[in-house]
Amino acid sequence: MKNINTVIFDMDGVIVDGMPYHIKSWKEALSTIDMSVSDLDIYLMEGMTGRETMEIFVKKSNISISDETADKIIKLKRKIFNDIFTVTLIKGIKDFLLELKDRKYNLALVTGTRLEVVKKVLQVGLENIFEVIVTGEMVNKGKPNPEPYLKAVDELKATKGDCVVIENAPAGITSAKGAGLMCFAVQTSLSDEYLQDADRIFKDIDGVSKYLLNSS
Ligand SMILES: [Mg+2]
């Protein structure tokens, strides 16, 4: 795509297959207050910060809990996640990132996940890929609010029309579109019925790569 010189990546489900670990750690942490959530519930929150996810779980359930308890659950979820998380990259992503870098694209990472987890993910040979990284603790409002993607565009000093966002979850697509950006979605976690607000939907990263690079 001739007009695109900047690619902004979501992390979970686009770069790293972290969702199985998020799902397991949420379920375990919430079980300590007898709250149960489905895999789909968690997939639909993907991209949001832990705090925002917890707020929605509490709202949706009939259990009323104190802020203190909510804080404890968020901390416990993080602890379990940190204990079990192993970096598994999404198929095709490393080659795609290296090729984009080689072709002098400007690259950014925008995630609701914390910086300590992002650092762990990038240790697998992706340390020098992204010019700008926006993590969960760097914004006031996470996805689906446009703030994270707007912050990335601002820090990149990019023109919105030159950018494309790669996402895999509804909250992230809403955030990107709210920021006025083109958004491609990959079906790594959810099927296309949940991704309809994206400008294009691809089966996987190889599909995105072919479309973006072969048409430039
Ligand atoms: Mg994601």
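Me: Which residues of helix 8 are buried?
Reply: Happy to walk through this one; keep in mind that the model is predicted. Helix 8 covers residues 170-178, and a residue counts as buried at under 20% relative accessible area. By that cut-off the buried residues are Pro170, Ala171, Gly172, Ile173, Ser175 and Ala176.

Me: What do the buried residues of helix 8 pack against?
Reply: Two kinds of element are involved, helices and strands. The helices are helix 2 and helix 7 (147-156). The strands are strand 4 (163-167) and strand 5 (182-186).

Me: Which residue with a positive phi follows helix 8?
Reply: Just past the helix, phi comes out near 80 degrees. The residue there is Gly180.

Me: Which residues are the protein donors of the magnesium ion?
Reply: Let's go by sequence, where the donor spacing reads D-x1-D-x33-E-x121-N. The donor atoms lie 2.0 to 2.3 Å from the ion. They belong to Asp10 (OD), Asp12 (O), Glu46 (OE) and Asn168 (OD1).

Me: How many residues apart in sequence are the parts that Asp12 and Glu46 tie together?
Reply: Both residues are buried. Asp12 sits in the loop between strand 1 (6-9) and helix 1 (19-31), while Glu46 sits in the loop between helix 2 (39-45) and helix 3 (50-60). The pair therefore ties together parts whose separation in sequence is 34 residues.

Me: How do the residues lining the largest cavity divide into nonpolar, polar and charged?
Reply: This cavity has a volume of about 30 Å³. Its lining is made of Gly47, Thr49, Thr111, Gly112, Gly136, Val139, Gly142, Lys143 and Pro148. Glycine counts as polar here, and the lining divides into two nonpolar, six polar and one charged.

Terms used:
Residues are numbered from 1 along each chain as its sequence is written. This is a predicted model: local features need pLDDT of at least 70, side-chain atom pairs count only at pLDDT 80 or more; totals for chains, interfaces and linings use all residues. Side-chain values use heavy atoms; hydrogens and water are left out. Donors are N, O and S atoms within 2.8 Å of the metal (3.2 Å for Na, K and Ca); water is not among the atoms, so sites may look incomplete. Helices (H or I, at least four residues) and strands (E, at least two) are DSSP runs, numbered from the N terminus. Buried means under 20% relative accessible area, exposed over 50%, partly exposed in between (1.4 Å probe, protein chains only). On a 1 Å grid over the protein atoms alone, a cavity is a set of points where a 1.4 Å probe fits but cannot get out, and a pocket is an open set with protein on both sides within 12 Å along at least five of seven lines; lining residues have an atom within 4 Å of a point. Grid points are joined across faces, edges and corners, and a volume is the space filled by probe spheres set on the points. Contact means heavy atoms within 4.5 Å.
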